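Subject: A structure for you to look through

Hi there,

Here is the structure I promised to pass on. Have it open beside this email while you read, and take your time with it.

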Amino acid sequence: MGGSGAAGGFLLGATTALAAVGCYCYIKREKESKNDRRKAMFLRGSANAMSMHSATGAAAAGISVSFLSDIMMQLWSYINAAGSAKVKEIVEPMFKEMLPGPLANLHFEKVDLGEVPMSLVNIVVHEVSEDGFLQFDMDVFWDGTCDIRLAAPFVGSFGVKEIKFSGRLSILLKPLTNQLPIVSAIQYAFINPPSLDLEFTGLAQIVDFQLIRDMVGDILQSMMVLPNRMMYKMDLTSSFLDTYQPPIGITRITALRGRGFQIEKILIGPDDIPDVYCDIQLGPTKWRTSTIKNNLSPEWNEAGDFLLSDHDQIVSVNAVDEDFGLDPDDDLGTCKFSVGEMLLAGKTTELELQKENGTGTGAYLTLQCDVCELIPDLASFETEKGKNMLCGLLTVLVTQAFDIPLEKEDASTFVSVSYGEHNFCTGVVVDAPGYDALNPLYDSAFHVPLTHEMVKSKDKDVVLKLMNGEDTILSTITLTHDELVNAPYRTVAATRKVGDHGAALQFRVSFAGIRPPEGKSESSSPNLNAVESPLQHPAPSPVKDESSSRVRITAVKGSGFKVEKKGWGKKDVPDVYCNIKFGSSPKIWRTVTADNTTEPVWNESSEFILAHHGQILRIDSYDQDNGKNDNDDFLGGFTVTVGKLLLAGGKRDIELTQKGKGTGAFISLHCEVLDS
């Protein structure tokens, strides 16, 4: 099963497993609990198993924008059959480990991924780096029906019938060699947490959908959202120490100021001048600014740090009016941007806040984005003390154990890693075809962003425990803070004997400081960076291509939209608008709403930087509903490359689709390349 099949199989399996947990909790009216660490270990181990069984067809990406989607469409029936079998093989053992009570006997009655294939578009191939690796990225869309049915004794049956999934997938080929197979390993991960919508059947319909989605999202985040990657080794002799790709560095986001906030009129009592603060988030990490009270143009000048693995990672900033007492805080709008966009814009830019439906609020935030390089110099451990700021990074790589002193049938080993309050586990390796339980490969990486308080605390040793099962400690290795600080390049890389029976554990543990954006930090070892160190060179910052053109996209009109018949003879004539997304940017351009018409006219234009003709437009059309609890109705969508629009003379009518089928409604687009 290919990388997309592994991701899809895990996604569906994890979803149904979590739905089962929800149903069980509902039926039993009580919460069952398992050891959280055991779940995490088993999930990671299962994901590693799926990764090790995956194929390598993705390595040929980049020939054309539609190349992979065309292949996916032609091979989908085969992927469906193979993927369905693999889901059963991999996920059913997860049920026995994860689920309580009778759900431990949960099994698949049917797994059918449906007739609508995944779409792989907006492929960007990066230049081969100096370190000898190739990266390419693509958008993954899946909007289709499936038929996943499960059953368990005393519980009944349930399943998933529809899934809508989208995310940007990064594929890393590293290291590259001059000998076949050229690519030593393939790693893949979503750059940002993917979006997921599910429709359940049977008993799962009574479960809190959002809870299930959140739980699935947390699992995906822990396994295959940056900085976590899944891996398939093309060369089984390659070392994880060479395959591992470190983060780019630390991105520092500064909330400078805002403007355009409005006074809320109050019928009884004084009007409400907003007390504004911002929640700023990248991935699972979030920090909050201070609250500026009674101010329509607040100024913060506050900064916070995030671990950065890719320039396409998205930063979300939500402005909030803080209220007191029983009155909940009021949402003032959100803006999103990628780190790369901010760097290309000159690091500082003003962005309009948007409502949940994509319309502008008229309020703006000015933000600054810097990237701090990771370096062996640890002066930042002393200098970077600000609130929400990081002073460095701890990286722990656990590769392999040797000569485990057990019978292979009894081996069920993993390595636990702890640093202060942070605890991690590798996957569990047992005796199975293709696995050496007595010389297990763990190939796991763990990252701990460091604050000044953490490096100055008493509990700052790194502890590695080689475990067999949850209760048996085979050996313990402790690396003290001072040992790491005083090691060459702040790195301890070793294969150490553990225990009294000849076993050994291979690992690499390192500290890194950061170079503040103002310039180099002071160092007592000025020549340290002149020598090659285990801290691999970060990926280059995005550079604005002076030869890049600009392209103007015009949403002209729509046609063929249908009138929805309501009860009592009423008819709902749609109020149509479009959300338009260009390339990999998270920004959404929303047209105005054309009210009460099946033939909407917009004639709205927006300009974008055109890096290449393979960049895509994603257009989603909606019927705006005005009820407080009535969500806008999705009318269909499509993707198209700039190149295809230009080949059609810059004008094209494109049919909207839902779940792989045409809707009969069309959007007319104009595309014009402007002078650079």
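A question to start with: how exposed is Glu373, going by its relative accessible area? Keep your guess in mind for a moment.

Before the answer, please note that this is a predicted model. The protein has 676 residues, and 49% of them count as buried. There are ten helices and 34 strands in it, so do not be put off if it takes a while to find your way around, because a strand here can be a run of as few as two residues. The protein exposes about 31,600 Å², with carbon and sulfur atoms supplying 50% of that area. If you look at contacts with a separation of 6 or more, 68% of them are between residues 24 or more positions apart.

Now back to Glu373. Its relative accessible area is 32%, so Glu373 is partly exposed; the partly exposed class runs between 20% and 50%. The side chain of Glu373 meets that of Arg515 in a salt bridge, at 3.3 Å from N to O. Glu373 belongs to strand β15 (residues 360-375) and Arg515 to strand β24 (residues 503-515), so this pair ties together parts that are 142 residues apart in sequence. Unlike its partner, Arg515 counts as buried, because its relative accessibility is 16%, and buried means under 20%.

The idea behind such pairs is simple: side chains of opposite charge can pair when their charged atoms come close. A search of the whole structure finds 20 salt bridges. Here are some others to look up.

Glu162 forms one with Lys659, and their closest N and O atoms are 3.5 Å apart. This pair links distant parts of the chain, 497 residues apart: Glu162 is in strand β4 (residues 156-173), while Lys659 is in the loop between β33 (651-658) and β34 (661-674). Glu162 is partly exposed, with a relative accessible area of 23%, and Lys659 is partly exposed too, at 25%.

Asp312 and Arg168 make another salt bridge, with 3.7 Å from N to O. Asp312 sits in the loop between β11 (299-308) and β12 (314-321) and Arg168 in strand β4, so here the parts tied together are 144 residues apart in sequence. Asp312 counts as buried at 17% relative accessibility, and Arg168 counts as buried at 9%.

Salt bridges can also share partners: Arg550, Arg552, Glu607 and Glu672 are joined into one network in this way.

Next, have a look at the surface. Which residues form a negative patch there? They are Glu407, Glu409, Asp410, Asp431 and Asp436. Of these, Asp436 is found in the loop between β19 (429-430) and β20 (441-450). Asp436 counts as partly exposed, because its relative accessibility is 41%.

Finally, try Thr395, which lies in strand β16 (residues 392-402). Is Thr395 buried or exposed? With 9% relative accessibility, Thr395 counts as buried. Leaving aside neighbours within four places in sequence, Thr395 is in contact with Tyr244, Phe446, His447, Arg508, Val509 and Ser510. You could click through that list one by one in the viewer.

Happy exploring, and write back with any questions!

Best wishes

Methods: Residues numbered from 1 in each chain as written. Predicted model: local features only at pLDDT ≥ 70, side-chain atom pairs only at ≥ 80, totals over all residues. Heavy atoms only, no water. Patch = residues over 30% accessible without salt bridge, like charges linked within 9 Å, V, L, I, M, F, W, Y side chains within 5 Å. Areas by Shrake-Rupley, 256 points an atom, 1.4 Å probe, with all protein chains shown as cover. Salt bridge = Lys/Arg side-chain N within 4 Å of Asp/Glu carboxyl O. Lys, Arg positive; Asp, Glu negative; His and termini not counted. Charge placed at Lys NZ, Arg CZ, Asp CG, Glu CD. Helix = DSSP H or I, 4+ residues; strand = E, 2+ residues; numbered from the N terminus. Buried < 20%, exposed > 50% of the residue type's maximum accessible area, 1.4 Å probe, protein only. Contact = heavy atoms within 4.5 Å.
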